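Here are some short exercises to work through with the sequence and the 3D view side by side. Try each task yourself before you read the solution under it.

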Amino acid sequence: MKKELPDYYTFCQNDSCPKANECLRNIFYKKHLSDNDTIRIVNPKRYTTTDSNCNYFASSQKIRMAWGIKNIFSSIPYDSARAIKSELIKYFGRTKYYRFYREELPVTPEEQAEIKRIFQKHGITQEQEYNRFSEEYNF
């Protein structure tokens with residue numbers, strides 16, 4: 001199994017669930033279980049058999065993650081860049097902002113939308129230039 005799976009990811013054994021074939025927890029349980037001594041699973045008493053709105057459902061669709069924010073200020077005026085950077089640090093926190101900057105942490109689609117909103121608030125409508133993109137599971 002790739003290291004991309006978090007150490008304490010919760011798996012699901014419920015094959016009778018209507019969404020089992022689309023659920024990352026069930027798919028990874030069947031196909032990617034490692035040799036770990038212990039695993040976490042959804043309590044079988046919490047299984048849904050007819051309801052397709054399972055609280056534990058995790059989509060197996062990959063999402064587009066952005067990496068690196070070094071270039072997002074490169075083509076905007078300095079005063080706007082300074083104000084936007086300050087607001088991004090206020091919103092995400094200094095640690096998370098710099099983890100984005102150093103490509104230690106991906107920027108999720110929701111976070112990309114928030115960054116875009118902050119840029120637009122300051123009158124910048126052009127798309128942000130991230131260093132790269134990747135398709136990842138949303139754990």
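Helices and strands here are DSSP runs, numbered from the N terminus, with at least four residues (H or I) for a helix and at least two (E) for a strand. Please keep in mind that this is a predicted model.

**Exercise 1. An unusual backbone angle**

Task: Find the place of Glu103 among the helices and strands, then look at its phi.

Solution:
- Step 1. Glu103 belongs to the loop between α3 and α4.
- Step 2. As background, most residues other than glycine have a negative phi.
- Step 3. Glu103 is not a glycine, and yet its phi is positive, about 60 degrees.
- Step 4. Now for the surface: the relative accessibility of Glu103 is 27%. Buried means under 20% and exposed means over 50%, so Glu103 counts as partly exposed.

**Exercise 2. The largest nonpolar core**

Task: Work out which elements give two or more residues to the largest nonpolar core, and which residues touch the most other members.

Solution:
- Step 1. The largest nonpolar core has 18 residues, and Phe73, Ile84, Leu88 and Phe119 touch the most other members.
- Step 2. Two or more residues come from each of α2 (78-92), α3 (94-101) and α4 (109-121).
- Step 3. The most comes from α2, which gives 5 residues.
- Step 4. Zoom in on Phe73. Once its neighbours within four places in sequence are set aside, Phe73 is in contact with Ala81, Ile84, Lys85, Leu88, Tyr97 and Phe119.
- Step 5. There is also a second, separate core of 6 residues, and Leu5, Tyr9, Leu24 and Ala58 are among them.

**Exercise 3. Cysteines and a cavity**

Task: Decide how many disulfides the structure has, then find out which residues are closest to the centre of the largest cavity.

Solution:
- Step 1. Searching the whole structure gives 0 disulfides.
- Step 2. For Cys17, the nearest cysteine sulfur is that of Cys54, 5.3 Å away. A disulfide needs two cysteine sulfur atoms within 2.5 Å, and Cys17 is in no disulfide.
- Step 3. Cys17 is buried, with a relative accessible area of 13%.
- Step 4. Cys23 is in no disulfide either: the nearest cysteine sulfur, from Cys12, is 6.0 Å away. With 6% relative accessibility, Cys23 counts as buried.
- Step 5. Turn to the empty space. There are 2 cavities of 30 Å³ or more, and the largest holds about 90 Å³.
- Step 6. This largest cavity is lined by 14 residues, of which Cys12, Asn14, Cys17, Cys23 and Cys54 are the closest to its centre.

**Exercise 4. A strand and its partner**

Task: Is strand β3 largely enclosed or open, and which strand is joined to β3 by bridges?

Solution:
- Step 1. Strand β3 covers residues 63-67, and 4 of its 5 residues are buried, so β3 is largely enclosed by the rest of the structure.
- Step 2. The partner is strand β4 (residues 132-136): 5 bridges join β3 to β4, and the two run antiparallel.
- Step 3. To line up the pair in your viewer, place Ala66 opposite Phe133 in β4.

**Exercise 5. Helix α1 and the loop after it**

Task: List the buried residues of helix α1 and say what they pack against.

Solution:
- Step 1. Helix α1 spans residues 24-31, and its buried residues are Leu24, Arg25, Asn26 and Phe28.
- Step 2. These buried residues pack against β1 (10-11).
- Step 3. Moving on to the loop between α1 and β2 (40-41), you find His32 there. His32 is partly exposed, at a relative accessible area of 32%.
- Step 4. From His32 to Leu5 there are 27 residues in sequence, and their C-alpha atoms are 9.2 Å apart.

**Exercise 6. Two loop residues**

Task: Locate Arg46 and Glu127, and say whether each is exposed or partly exposed.

Solution:
- Step 1. Arg46 lies in the loop between β2 and β3, and its 46% relative accessibility makes Arg46 partly exposed.
- Step 2. Leaving out neighbours within four places in sequence, the contacts of Arg46 are Asn55 and Tyr56.
- Step 3. Glu127 sits in the loop between α4 and β4. Its relative accessible area is 53%, and Glu127 is exposed.
- Step 4. Glu127 and Tyr137 are 10 residues apart along the chain, with 24 Å between their C-alpha atoms.

How values were computed:
Residues are numbered from 1 along each chain as its sequence is written. This is a predicted model: local features need pLDDT of at least 70, side-chain atom pairs count only at pLDDT 80 or more; totals for chains, interfaces and linings use all residues. Side-chain values use heavy atoms; hydrogens and water are left out. A nonpolar core is a set of buried Ala, Val, Leu, Ile, Met, Phe, Trp, Tyr and Cys residues joined through side-chain atoms within 4.5 Å. Buried means under 20% relative accessible area, exposed over 50%, partly exposed in between (1.4 Å probe, protein chains only). Contact means heavy atoms within 4.5 Å. Two strands pair if DSSP finds at least two bridges between them. On a 1 Å grid over the protein atoms alone, a cavity is a set of points where a 1.4 Å probe fits but cannot get out, and a pocket is an open set with protein on both sides within 12 Å along at least five of seven lines; lining residues have an atom within 4 Å of a point. Grid points are joined across faces, edges and corners, and a volume is the space filled by probe spheres set on the points.
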